[in-house]
Amino acid sequence: MRTSLLSLAACALAFASCGALADNGPLVIKFAHVVADNTPKGQGALMFKQLVEERLPGEVRVEVYPNSSLYGDADELEALRNNDVQMLAPSLAKFEQYTKQLQVFDLPFLFDDLEAVNRFQKRAKGRQLLRSMEKHNIVGLAYWHNGMKQLSATRALQVPSDAAGLTFRIQPSAVLDAQFSQLGATPLKLPFKEVFGALQSGKVQGAENPWSNIYSQKLHSVQPYITETNHGVLDYMLVSNSRFWYAIPHQIRTELEGIIDEVTYAVNRQAEEANQADRRRIESAGTSTVITLTAEQREAWRAAMRPVWQQFEADIGADVMSAAQTVNRKKRD
Ligand code: SIN
């Protein structure tokens, strides 16, 4: 109770309406996201809620809104900046209007695997990017993994020219737009909740997603071919409204930060296995042919997409680019 009163006072001083803090009630954190509960992010959000309510009973309450049920891609970041929602974990491709530096994560074939992504996120440059949107009232609290992306389509994508002429759904990212244009395909930006319908109706013929999003959205049921390209990463930044976050009394915020560390560790440790399990489920469903590439075939996809890097180097920054290129184990150009 004492902390609740302190919270109330601190929030009132620092921020006119500290989240959904009710007069005498707990601090309410609304956590919205666009994916299903049975995904790495969905599980992370639920674990955060559970730990917060176990460790800060009566002081903080977490409400989780999955599947774009509160806000979706089009409005969630604006809602966060307005403090209508207090926590989100958008994919890194969705921050483009607030910082160009995070475009580094969308560059195709920059990171060899999720372990390389993990190393980059833990190093100084990666950690600095968590603070790259503070002037827009967005604070990054952690990186959460989903997984490496695979290409899916209505026809078999074996070599890069197979993608030419198809329309692919993309996230709102100039890098991803350039990546598909580079292949002679047409990129179309669509919110995540519209992906299944757009594939089913034929509005788009292809997409790029990690296995967990393909499986949980049933995209395999409308994509007869999935090529295991692992050509890019789909990860998240757990974010809050900066003014809201820093107005939380120190003792509570420290507890929340400890919980976030714990949840981040669990999400990031399990994400790869969750994706591999969903890959197996997709294969068992028998709706799609999963195409694996030889090293030479994968190299051809890399060569076809690699020119995109130059176009974004200036915006991302040479320092960020070169830090990202040191995290792969294999030496490359
Ligand atoms: C998500 O995993 O949050 C959705 C990513 C997408 O829009 O493809």
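## Exercises on a predicted model

The structure holds 7 aromatic pairs. Keep in mind as you work that this is a predicted model.

### Exercise 1: Aromatic pairs

**Task.** Classify the ring pair F31 and W144 as stacked, tilted or edge-to-face, and find where its two members sit in the chain.

**Solution.**
- Step 1: Start with the geometry. The ring centres of F31 and W144 are 6.2 Å apart, and the planes meet at 35°.
- Step 2: Planes under 30 degrees apart would count as stacked and those over 60 as edge-to-face. At 35°, the pair F31 and W144 is therefore tilted.
- Step 3: Now place the residues. F31 belongs to strand β1 (residues 27-32) and W144 to strand β4 (residues 138-148), so this pair links distant parts of the chain, 113 residues apart.
- Step 4: Check the surroundings: F31 and W144 are both buried.
- Step 5: Try the same routine on F111 and F120. Their ring centres lie 5.8 Å apart with planes at 40°, so this pair is tilted. F111 has 3% relative accessibility and counts as buried; F120, at 1%, counts as buried too.
- Step 6: Finally, look for a cluster. Ring pairs join F105, F111, F120 and Y143 into one.

### Exercise 2: The setting of T264

**Task.** Decide whether T264 is buried or exposed, and work out which groups its side chain meets through polar contacts.

**Solution.**
- Step 1: Locate T264 in helix α10 (residues 250-285).
- Step 2: Buried means under 20% relative accessible area. T264 has 13% relative accessibility, so T264 counts as buried.
- Step 3: Look for side-chain partners. The side chains of T264 and W144 share a polar contact of 3.0 Å. W144 is the residue whose ring pairs with F31.
- Step 4: Turn to the backbone. The T264 side chain also reaches the backbone oxygen of I260, at 2.7 Å.
- Step 5: Leaving aside residues up to four places away in sequence, T264 touches A142, Y143 and W144.

### Exercise 3: Helix α6 and its ends

**Task.** Find which residues of helix α6 are buried, what covers them, and what lies at the helix ends.

**Solution.**
- Step 1: In α6 (residues 174-182), the buried residues are V175, L176, A178, Q179 and F180.
- Step 2: The cover over these buried residues includes strands β5 (150-153), β6 (167-170), β7 (186-189) and β8 (206-209), along with helices α11 (295-305) and α12 (308-316).
- Step 3: At the N-terminal end, S173 acts as a cap, with a side-chain oxygen 3.2 Å from the backbone nitrogen of V175.
- Step 4: After the helix comes G184, with a positive phi near 80°.

### Exercise 4: Cores and domains

**Task.** Explain why the largest nonpolar core lies between the two domains.

**Solution.**
- Step 1: This core has 45 residues, and F31, F48, M87, W144, L238, W245 and L256 touch the most other members.
- Step 2: Helix α10 supplies the largest share, 7 residues.
- Step 3: Domain 1 (5-95 + 124-145 + 235-273) and domain 2 (150-232 + 276-332) both contribute residues, so the core lies between them.
- Step 4: Zoom in on L256: beyond residues up to four places away in sequence, L256 touches I29, F48, V52, L56, W245 and I248.
- Step 5: Do not confuse this with a second, separate core of 40 residues, whose members include L102, F120, A178 and M237.
- Step 6: Finish with the domains themselves. Their C-alpha centres are 28 Å apart, and the contact takes 17 residues from domain 1 and 18 residues from domain 2.

How values were computed: Residues are numbered from 1 along each chain as its sequence is written. This is a predicted model: local features need pLDDT of at least 70, side-chain atom pairs count only at pLDDT 80 or more; totals for chains, interfaces and linings use all residues. Side-chain values use heavy atoms; hydrogens and water are left out. Helices (H or I, at least four residues) and strands (E, at least two) are DSSP runs, numbered from the N terminus. Buried means under 20% relative accessible area, exposed over 50%, partly exposed in between (1.4 Å probe, protein chains only). A polar contact is a pair of N or O atoms within 3.5 Å; within protein, one must be able to donate a hydrogen and the other to accept it, and residues adjacent in sequence count only if both atoms are side-chain atoms. Contact means heavy atoms within 4.5 Å. Rings of Phe, Tyr and Trp (its six-membered ring) pair if their centres lie within 6.5 Å; planes under 30 degrees apart count as stacked, over 60 as edge-to-face and the rest as tilted. A nonpolar core is a set of buried Ala, Val, Leu, Ile, Met, Phe, Trp, Tyr and Cys residues joined through side-chain atoms within 4.5 Å. Domain bounds come from an automatic or database domain assignment.
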